[in-house]
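Please open the model in your viewer and keep the selection panel at hand. We will go from stop to stop, and at each one you will hear what to select and what is there.

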Amino acid sequence: MSTKTNAGRFFEDFVVGETLVHATPRTVTDGDVALYTALFGGRFAPVSSAPFAESVGLRAAPLDSVLVFHVVFGKTVPDVSLNAIANLGYADGRFGVPVYPGDTIRTTSTVLGTKANRDGTTGVVYVRSRGVNQHDELVLEYTRWAMVRKRDASSVPPSPVVPELPSGVTPSSLHVPFHIAPGTYDTALAGSPFAWEDYTVGERIDHVDGMTIEEAEHMMAARLYQNTARVHFNQHVERDGRFGRRIVYGGHLISLARALSFNGLGNAFAIVGINGGRHVNPSFAGDTIYAWSEVLAHEPLPDRTDLGALRVRTVAVKDRAARDFPDQLESGGYDPSVVLDFDYWVVLPTRRSLR
Amino acid sequence: MSTKTNAGRFFEDFVVGETLVHATPRTVTDGDVALYTALFGGRFAPVSSAPFAESVGLRAAPLDSVLVFHVVFGKTVPDVSLNAIANLGYADGRFGVPVYPGDTIRTTSTVLGTKANRDGTTGVVYVRSRGVNQHDELVLEYTRWAMVRKRDASSVPPSPVVPELPSGVTPSSLHVPFHIAPGTYDTALAGSPFAWEDYTVGERIDHVDGMTIEEAEHMMAARLYQNTARVHFNQHVERDGRFGRRIVYGGHLISLARALSFNGLGNAFAIVGINGGRHVNPSFAGDTIYAWSEVLAHEPLPDRTDLGALRVRTVAVKDRAARDFPDQLESGGYDPSVVLDFDYWVVLPTRRSLR
Amino acid sequence: MSTKTNAGRFFEDFVVGETLVHATPRTVTDGDVALYTALFGGRFAPVSSAPFAESVGLRAAPLDSVLVFHVVFGKTVPDVSLNAIANLGYADGRFGVPVYPGDTIRTTSTVLGTKANRDGTTGVVYVRSRGVNQHDELVLEYTRWAMVRKRDASSVPPSPVVPELPSGVTPSSLHVPFHIAPGTYDTALAGSPFAWEDYTVGERIDHVDGMTIEEAEHMMAARLYQNTARVHFNQHVERDGRFGRRIVYGGHLISLARALSFNGLGNAFAIVGINGGRHVNPSFAGDTIYAWSEVLAHEPLPDRTDLGALRVRTVAVKDRAARDFPDQLESGGYDPSVVLDFDYWVVLPTRRSLR
């Protein structure tokens, strides 16, 4: 019997402090960008148009922030979450240099902590993943934690190590590689008249539209990121699984929610930080996804007058409109329609940047 | 309650003479071309092959004419037809310079006319849309009219303005950016032996093949063009709508019919004008589309011996073969299988151009 | 009635010794590569990463070998197999120079043999197809044979000509355009620690994972290759056909099996020869595909110390795991789950090449 296949790491295999070098480096191209557009329909202008990207100080249209996230994340799956039951959360995410077609992305992950669960069969693993380009420049780093199966229920787990995670990324630590000359940001072409100053803390926005997910779509997306998690692809196994069908990659919901958020946040053209995120419920083909957002914070950027930052929480729900903002319940649980609660920093042009 | 989302223009919002600047500029790439090939399977040689494109006088393989149409059209949706009930027709369309991967397309539309319907709840809006590249060169202009909801049934409409629309584009006004040296057009590589002279007015061609539409396909196509019309994407709403399901973007049928028409019109490698077009019936995922064409006119091009023009009407039908040419009925209606009636100009090499 | 459409060649139309020039040349791009990744999720490092490709002596990331096969094959369909009932087999396949984005592929086929079947309605046609790039350099040549309908059951067939086909390609005749400096092949980035020397003849590998096929996926794939075989696309006809549904292009199974084989053959980064292949059973949307492989031969390459060759047979099965290696039966038939039996040469780095 050959032992040449990768069975994935089990809980026992993660050693705190160890750094994992992930396969497979990925040269991203215009082709990936087109597919991402076809899958989600994004309309943020600097991502869609090279001349518009130049007007915000970039040399070309960069990859969408969330596409970068997926490529960096995808590489970690064979080493981190092949035997995961659930992807529990994200924290402390910072984007670095923009990623352009032609760049090559690699990812490494450092094990920050492990903590066995009381049931004896699983444990939580915390990793900090770091994606870099071909010049070893950081493109994204973030922490995630997942519930991973133990190989052997009787194995004695190491002492728990739980990393301290910040409740958010401070605006001053965000990397903002965009620069806008006064009066040059074209709101007509961008599709939204609203500047950073027009948003207020506590403001809630129903993004109105809904988008139905198809099996071919979420599988093509996950394969595009070389995400190999089995539950997304194998109906023969999943029909007898917990849900009777394939589960949509959680990140697919981030992309859908982000694309829907254009209607209301049209000038929030880049995500620059991830404060936290949770996949509250699973999604399946046939689900129609809606989203709403809440402005959590409204912060200037140090020494910058062209752009400001908004901390936004976007909630994605399924099979119901979001006009009444389905949310976390007072009991601590969530409205059953909620599938994603994602907390992140975006940048928007200030009024003085607008044409 | 936030008012940051775009609710779309209603009938009352259209002012004759006004020009709308549409978001979002779109840099088209090899990725868009590959997706378009994957969605429709086009085989017109100059679009498929860079060396073949050079043999017809282009610097590279251009985007398919219909893909250019979709990108130009897609931009108009958020401003023109978000509250449309029906896309009623097209007229007077002229293609301009070829579009190459790397070009950036923008669209503006001028309101040509408005006319309230007697029911008081809707009206017809006529716009002329103009797509340009990053050098402000025209890539396509055309007129379309749509039935748009009124915001308020009791609002008093302005006096009707109905533009005079030509019944067709005259061959002498067509822009034909292709040039073929005598004896250089390779019919074996092109896949068809027939020159412009081989077609006769009145000739009808059954394009034989049928293609079934899937939900994932028409949604990926519409998103690729950043077409945001809601009826294509939201099964949660549409299951309770008029048809109980999502409606396929009408332009998808143009693309399918055009790709099918290769079998019979293989050397008609570019559409250069649109005389008119109507979406006669809606299409849905699961429909199998066939097409047939009729040659309406056979015209030389001014001062050109390398290429000639054919005016062609292509009719797309669903769930039945087209061998008996289902068509408009004497009563004025259409055979119920017809979904598209599209009247356009194509160019083909003359005999002296053939190798 | 127009006679401008291509009805495809029937058995009587094939003349031994004749060479067919196939339409449509195809310039392949980064877009095709991205779509292929989205459809199959391949992870072989030199295909995924430009810097990794350079580390094996290439100037850029090449197209996956099997994608090249599909593009070369697709061109032959309108001339060879439009009236085929079954694609019976492949033999004697050799890959040539790598194909890079921007290259243009053309195909010609020479008729090697024809042999009428006793039933009088069909015959077997043998062709040798040759794909070249824009510099007329060979990218792939292979022989295939298909069962093709006769136009007229009463026509008298020519004397049978059956070409002698080798049972395999000899390693010394393989073209291996890769070069690895000692100690430079990065197994961590490649995702597999195993060198050529680590595999032994007779070793069998269960590739573990399963992938479910969707209608939109196999149709997009076949159209990407401009493969026009009708049975893949037309549900309206196929619902009344032999299987009641569309049949998946057999080559789709080669791509799926090859992508799944990464888990166990991760450093077998290129197919360089095809010894034989059979589509044992048809596949349909909804099937979940698994694969296993057997090492048939382990051969050094002449005058090469950086790379060695493995002859591998990969068997794809549907709707059952491959852990017990479903295979050909002693009776000569196959286990009913088997859909593909594919015998090919791959190259892998030797131990001295590994970092």
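Begin by selecting H1(A) and H6(A), which pack with their axes 11 Å apart and at an angle of about 155°. (Axes are lines fitted to C-alpha atoms, for helices over the stretch in contact, and angles run from 0 to 180 degrees between N-to-C directions.) That angle makes H1(A) roughly antiparallel to H6(A); the label applies to angles over 145 degrees, while those under 35 count as roughly parallel, 65 to 115 as roughly perpendicular and the rest as oblique. The crossing of H1(A) and H6(A) is left-handed, a term used if the near helix is turned anticlockwise from the far one by less than a right angle, with right-handed for clockwise.

Now show the side chains at this contact: A:Asp32, A:Leu35 and A:Leu39 come from H1(A), and A:Glu217, A:Met220, A:Ala221 and A:Leu224 from H6(A). Residues count as in contact if their C-beta atoms, placed from the backbone, lie within 7 Å. By class, the contact of H1(A) with H6(A) holds five nonpolar, no polar and two charged residues. (Ala, Val, Leu, Ile, Met, Phe, Trp, Tyr, Cys and Pro count as nonpolar, Asp, Glu, Lys and Arg as charged, and the others, Gly among them, as polar.)

A word on what you are looking at: this is a predicted model, in which local features need pLDDT of at least 70 and side-chain atom pairs count only at pLDDT 80 or more, while totals for chains, interfaces and linings use all residues. Residues are numbered from 1 along each chain as its sequence is written, and chains are lettered from A and ligands numbered from 1 in the order in which they are written. Helices (H or I, at least four residues) and strands (E, at least two) are DSSP runs, numbered from the N terminus.

**Where chain A meets chain B**

Next, colour chains A and B separately. How many residues of chain A are in contact with chain B? There are 40, and they touch 34 residues of chain B. Several elements of chain A each supply at least two residues to this side, including helix H1 (30-40), helix H2 (45-48), strand S7 (204-206) and helix H6 (215-224). H1(A) gives the largest share, nine residues. The side of chain A that touches chain B divides into 19 nonpolar, 12 polar and nine charged residues.

**Turning one copy onto another**

Try superposing chain A on chain B: a turn of 120° and a shift of 0.0 Å along the axis lays one on the other with an RMSD of 0.0 Å. (The fit is by least squares on the C-alpha atoms of residues with pLDDT of at least 70 in both copies.) Select A:Gly31 to find the C-alpha of chain A nearest the axis, 2.2 Å from it. The copies use different surfaces, as 12% of the contact residues of chain A recur in chain B.

Chain B can be laid on chain C with an RMSD of 0.0 Å by a turn of 120° and a shift of 0.0 Å along the axis. These two copies are thus related as by a three-fold rotation axis. In chain B, the residue that comes closest to the rotation axis is B:Gly31, at 2.2 Å (C-alpha).

**Where chain B meets chain C**

Now bring chain C into view: 41 residues of chain B are in contact with 34 residues of chain C. The largest share of this side of chain B, nine residues, comes from H1(B). The side of chain B that touches chain C has 19 nonpolar, 13 polar and nine charged residues. Only 15% of the interface residues of chain B are also interface residues in chain C, so the copies meet through different surfaces.

**Strands in chain B**

For the last stop, select strand S10 (residues 288-300) of chain B. S7(B) and S10(B) pair in the antiparallel sense over three bridges, where strands pair if DSSP finds at least two bridges between them. Look for B:Arg204, which stands opposite B:Glu294 in S10(B). S8(B) also runs antiparallel to S10(B), joined by two bridges, and B:Thr212 stands opposite B:Thr288 in S10(B).

Add strand S11 (residues 307-318) of chain B, which runs antiparallel to S10(B) and is joined to S10(B) by 11 bridges. Here B:Ser293 stands opposite B:Thr314 in S11(B). Finish at the hairpin of S10(B) and S11(B): six residues lie between the strands, and B:Asp303 takes a positive phi near 60°.

Methods:
Contact = placed C-beta atoms within 7 Å.
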